[in-house]
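Colleague: I am new to this structure and would like to go through it with you step by step. Could we look at it together, beginning with single residues and moving on to the whole chain?

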Amino acid sequence: MKKNILFLIPMLIVAVLLFMLRATGMKVERYNALLSVLTALTIVLGMRMMGTMLISSLIIFPAVTARRLVGSFRAMVVVAAVVSVICFFIGLCVSFLWGLPTGASVVGVNLAALLLSRLVRSKE
């Protein structure tokens, strides 16, 4: 368990602050390559399973929505995950109830959440 945690900390730092790892003298090339491979693997498998439009919607829209709502990176990650799950389930329900394609329903709900976040942010 301890080894897993020690592995995740440099991965998080590579994702957020690459120069911080370099300053500590760690070899960042392996972590950076691993992060790139894992990201590419997630996108490729997602595209094969769900389609291009749906995977891009599930990756990009929640992150942009969360970025508009919160300021810190940690809060953005949590809010993006919650927005993604909620939008997916609402899109799934809309698809089932109205007989629409699931992918298009999920993308539509994600887009609606993004537009709603834009309205909420503009009123502040």
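Colleague: In which helix is valine 85 found, and is valine 85 buried, partly exposed or exposed?

Modeller: Please keep in mind throughout that this is a predicted model. Valine 85 is found in helix α5. Its relative accessible area is 45%, and because buried means under 20% and exposed over 50%, valine 85 counts as partly exposed.

Colleague: How far apart are the C-alpha atoms of valine 85 and proline 62?

Modeller: Along the chain, valine 85 and proline 62 are 23 residues apart. In space, the separation between their C-alpha atoms is 9.1 Å.

Colleague: What span does α5 reach from its first C-alpha to its last?

Modeller: Helix α5 has 26 residues, for which 38 Å would be expected at 1.5 Å a residue. The span in the model is close to that expectation, and it comes to 36 Å.

Colleague: Which residues of α5 are buried?

Modeller: A residue counts as buried when its relative accessible area is under 20%. In α5, that description fits Met76, Ala80, Val83, Ser84, Cys87, Gly91 and Ser95.

Colleague: Which element gives the most to the lining of the largest pocket?

Modeller: The largest pocket holds about 360 Å³ of space, and the elements that give two or more residues to its lining are α3 (28–50), α4 (52–69) and α5 (73–98). Among the lining residues are Thr39, Leu58, Pro62, Met76 and Ala80. With 5 residues, the element that gives the most to this lining is α5.

Colleague: How many residues of that lining are nonpolar, how many polar and how many charged?

Modeller: The full lining consists of Thr39, Thr42, Ile43, Leu58, Ile59, Pro62, Ala63, Met76, Val77, Ala80, Ala81 and Ser84. Sorted by kind, these residues divide into 9 nonpolar, 3 polar and no charged.

Colleague: Where is leucine 100 found, and with which residues is leucine 100 in contact beyond its neighbours within four places in sequence?

Modeller: Just after α5, glycine 99 takes a positive phi of about 70 degrees, and leucine 100 is found in the loop between α5 and α6. Leucine 100 is partly exposed, with a relative accessible area of 41%. Once its neighbours within four places in sequence are set aside, the contacts of leucine 100 are Val94, Ser95 and Ser105.

Colleague: Why does serine 117 count as buried?

Modeller: Serine 117 lies in helix α6, which covers residues 102–123. A residue is called buried when its relative accessible area is under 20%, so serine 117 counts as buried because its relative accessibility is 3%.

Colleague: How far apart are the C-alpha atoms of serine 117 and arginine 68?

Modeller: Leaving aside neighbours within four places in sequence, serine 117 is in contact with Thr65, Arg68 and Leu69. Serine 117 and arginine 68 stand 49 residues apart along the chain, while the separation of their C-alpha atoms is 6.6 Å.

Colleague: How many helices and strands does the chain have, and what share of its residues counts as buried?

Modeller: From the N terminus on, the elements run α-α-α-α-α-α, which agrees with a count of 6 helices and 0 strands. Of the 124 residues of the chain, the share that counts as buried is 24%.

Notes: Residues are numbered from 1 along each chain as its sequence is written. This is a predicted model: local features need pLDDT of at least 70, side-chain atom pairs count only at pLDDT 80 or more; totals for chains, interfaces and linings use all residues. Side-chain values use heavy atoms; hydrogens and water are left out. Helices (H or I, at least four residues) and strands (E, at least two) are DSSP runs, numbered from the N terminus. Buried means under 20% relative accessible area, exposed over 50%, partly exposed in between (1.4 Å probe, protein chains only). On a 1 Å grid over the protein atoms alone, a cavity is a set of points where a 1.4 Å probe fits but cannot get out, and a pocket is an open set with protein on both sides within 12 Å along at least five of seven lines; lining residues have an atom within 4 Å of a point. Grid points are joined across faces, edges and corners, and a volume is the space filled by probe spheres set on the points. Ala, Val, Leu, Ile, Met, Phe, Trp, Tyr, Cys and Pro count as nonpolar, Asp, Glu, Lys and Arg as charged, and the others, Gly among them, as polar. Contact means heavy atoms within 4.5 Å. The expected span of a helix is 1.5 Å times one less than its number of residues.
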